[in-house]
Amino acid sequence: MKRAIPVVALSIAGLVPVWRYEPSIGTTTTSTAEPVTTPSASATSGTVVKGTTIQTEKGPVQVQVTFDGDKITAVKLLQQPDHPQTVAAVPVLVSETLKAQSADVDTVSGATITSDAYKKSLQAAIDANDKATSASPSATASPAKQTVAGPAINTSKGTVQVQATFEGDKISAVSMLQQPDHPQTAAAVPVLISETLKAQSAKIDAVSGATITSDAYVQSLQAAIDAKGA
């Protein structure tokens with residue numbers, strides 16, 4: 001069950017590189033999302049796609065996404081409400097998008113309207129890129145994605161259940177379907193996921209202070225890996 005992500009402080013170092021903010025530039029509505037390949041200011045280039053402009057009671061929201069094939073490499077807000085909660089929510093939404101590699105991200109608490117509009121504009125950009133990629137003769141086939149839920153592991157702290165997304169043999173994303181409502185678990189989960197994506201396996205170390213949750217996470221994850229392709 002998804003839970004709203006609380007708005008976090010903007011000083012988190014890990015979020016700064018991915019938040020490229022520009023203030024709202026108006027209320028012009030874009031009827032469709034269109035991919036446009038543009039030169040990059042750095043050595044990295046990709047396909048840049050503007051999502052549709054979503055009008056809300058707080059103001060217009062429009063997302064611009066940079067793709068490398070079907071991978072989301074950067075997200076930028078072209079338009080957004082001039083509001084403190086929106087300003088705080090944007091880097092969280094961008095960070096979650098880069099992790100999820102989709103518009104399937106949680107709503108940020110206190111910025112529901114902006115979050116919903118962000119996801120609509122983002123999905124439109126993703127759809128436009130998918131359409132353009134599939135229509136391109138030079139497009140290479142990417143490994144099929146498969147999402148597998150591991151079993152629910154009951155512990156003395158609560159239930160732990162992991163869901164893993166695979167692209168071929170690569171673990172591309174991990175999410176928690178169930179986890180104990182405990183501060184140590186909340187702190188341990190992102191560490192466990194990060195280590196999983198690095199190791200590309202369930203052979204990771206337990207997080208200090210959250211051994212029970214860590215062990216259950218590894219069990220559920222390993223079961224998901226074993227079930228892949230079954």
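A residue counts as buried when its relative accessible area is under 20%. Keep that cut-off in mind for the views below, which show a predicted model.

**View 1. The whole protein chain, from one end to the other.** Welcome to the overview. Of the 230 residues in the protein chain, 39% are buried. The secondary structure comes to four helices and nine strands. Starting at the N terminus, the elements follow one another as β-β-β-β-β-α-α-β-β-β-β-α-α. Among contacts with a separation of 6 or more, 50% join residues that sit 24 or more positions apart.

**View 2. Helix α1 meets helix α2.** Here the axes of α1 and α2 lie 10 Å apart, and the two helices pack at an angle of about 40°. That angle makes α1 oblique to α2. The crossing of α1 past α2 is right-handed. On the α1 side, look for T86, L93, V94 and T97, which meet T114, S115, Y118 and L122 of α2. Sorted by kind, the residues of this contact are four nonpolar, four polar and no charged.

**View 3. Helix α2 on its own.** How far apart are the end C-alpha atoms of α2? They are 35 Å apart, which agrees with the 34 Å that the 24 residues of α2 (residues 112-135) should span at 1.5 Å a residue. The buried residues of α2 are T114, S115, A117, Y118, K119, S121, L122, A124, A125, I126, A128 and N129. Some names here may be familiar from the previous view: T114, S115, Y118 and L122 are the α2 residues that meet α1.

**View 4. Helix α3 meets helix α4.** Now move along to α3 (residues 183-199) and α4 (residues 211-227), whose axes come within 10 Å and cross at roughly 40°. Are angles between 35 and 65 degrees parallel or oblique? They count as oblique, and α3 and α4 are therefore oblique to each other. The crossing of α3 past α4 is right-handed. The residues to find are T185, L192, I193 and T196 in α3, together with T213, S214, Y217 and L221 in α4. This contact is made up of four nonpolar, four polar and no charged residues.

**View 5. Two loop residues with positive phi.** Let us pause at the loops between helices. Q101 lies in the loop between α1 (84-100) and α2. Its phi is near 55°, a positive value in a residue other than glycine. Q200 sits in the loop between α3 and α4. Although Q200 is not a glycine, its phi is positive too, at about 55°. Is Q200 buried, partly exposed or exposed? With 31% relative accessibility, Q200 counts as partly exposed.

**View 6. V148 and its surroundings.** V148 belongs to strand β6 (residues 145-149). Its relative accessible area is 9%, so V148 is buried. Setting aside residues up to four places away in sequence, V148 touches V162, Q163, A164, F166, A224, A227 and K228. Another residue to look for is A223: 75 residues separate V148 and A223 in sequence, while their C-alpha atoms are 9.2 Å apart in space.

**View 7. Q64 and its surroundings.** The last close-up shows Q64 in strand β4 (residues 62-68). With a relative accessible area of 16%, Q64 is buried. Leaving out neighbours within four places in sequence, Q64 is in contact with V48, V49, K50, A74, V75, K76 and L78.

Technical notes. Residues are numbered from 1 along each chain as its sequence is written. This is a predicted model: local features need pLDDT of at least 70, side-chain atom pairs count only at pLDDT 80 or more; totals for chains, interfaces and linings use all residues. Side-chain values use heavy atoms; hydrogens and water are left out. Axes are lines fitted to C-alpha atoms, for helices over the stretch in contact, and angles run from 0 to 180 degrees between N-to-C directions. Angles under 35 degrees count as roughly parallel, over 145 as roughly antiparallel, 65 to 115 as roughly perpendicular and the rest as oblique. A crossing is left-handed if the near helix is turned anticlockwise from the far one by less than a right angle, and right-handed if clockwise. Contact means heavy atoms within 4.5 Å. Ala, Val, Leu, Ile, Met, Phe, Trp, Tyr, Cys and Pro count as nonpolar, Asp, Glu, Lys and Arg as charged, and the others, Gly among them, as polar. The expected span of a helix is 1.5 Å times one less than its number of residues. Buried means under 20% relative accessible area, exposed over 50%, partly exposed in between (1.4 Å probe, protein chains only).
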